[in-house]
Amino acid sequence: MIGELRERYGNQFEEPLLEEIAEVGVLRQVAAGDKLLEIGEYIKGMPLLLSGVIKILREDGDGDELLLYYLEQGDTCSMTMSCCMGQTRSEIRAVAETDARLIMVPVRKMEEWTARYLSWRTFVFSSYNQRMNELFQAIDSIAFKNMDERLVGYLREKMRITNEPIIRNTHQEIAYDLHSSRVVISRLLKKLERMGKIELHRNHIKILDL
């Protein structure tokens, strides 16, 4: 595990901190679709992502989901950190978008490392800033963009994080992520297909020109 930590975080953390993370951290491997964290749960550890992609979702009062942002290798989740530090229940749902490997850091170590290691403090504050910017982008998308634009942005982001032009989500799954209905998403996807932007297949969507 220390080798992977050096590869992903060696340019950010001091060697003594890397060694401590390897000593107390718990390595987890998850498959695409696995749920890592549920809304309402108490958080016992903070994730450091070694590989793969995790999507972070919020839920409204009716139980409908909204995609907030993705975590990629080298990232952590600032909302998880907030719940850890405040010992409150989670307000997010974390689901593996792809197969992933992560290290769970015990809550008890977070404040200790913040006091002892400048690199850890910098990492935590930088993570807060990055996730906050992504939350603003999500809010702006909902407030100022129509669903056509949001769908195109969603497909582009999916293509970027998976590094392939194939989207393997169902129309219903896309609708959940965008807080819309399957009927609306299917209609807009058909429109994009007629424009020559995508190809719709039985089990996937192929991106042609987005």
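Me: How many residue pairs are in polar contact across the interface of domain 1 and domain 2?

Reply: In this predicted model, the rule finds four such pairs across the interface, both residues at pLDDT 80 or more; a polar contact is a pair of N or O atoms within 3.5 Å, where within protein one must be able to donate a hydrogen and the other to accept it, and residues adjacent in sequence count only if both atoms are side-chain atoms. Local features need pLDDT of at least 70 and side-chain atom pairs count only at pLDDT 80 or more, while totals for chains, interfaces and linings use all residues. Side-chain values use heavy atoms, with hydrogens and water left out, and residues are numbered from 1 along each chain as its sequence is written.

Me: Why is the pair Lys 55 and Asp 177 called a salt bridge?

Reply: The term requires a side-chain nitrogen of Lys or Arg within 4 Å of a carboxyl oxygen of Asp or Glu; the closest N and O atoms of Lys 55 and Asp 177 are 3.2 Å apart, so the pair qualifies. The count between domain 1 and domain 2 is three salt bridges.

Me: What is the area buried between domain 1 and domain 2?

Reply: Buried area is the accessible area (1.4 Å probe) that two parts lose on being put together, summed over both, and here the value is about 1200 Å², of which carbon and sulfur atoms give 47%. In domain 1, Glu 65, Tyr 70 and Ser 141 lose the most area to domain 2, together 38% of what that side buries.
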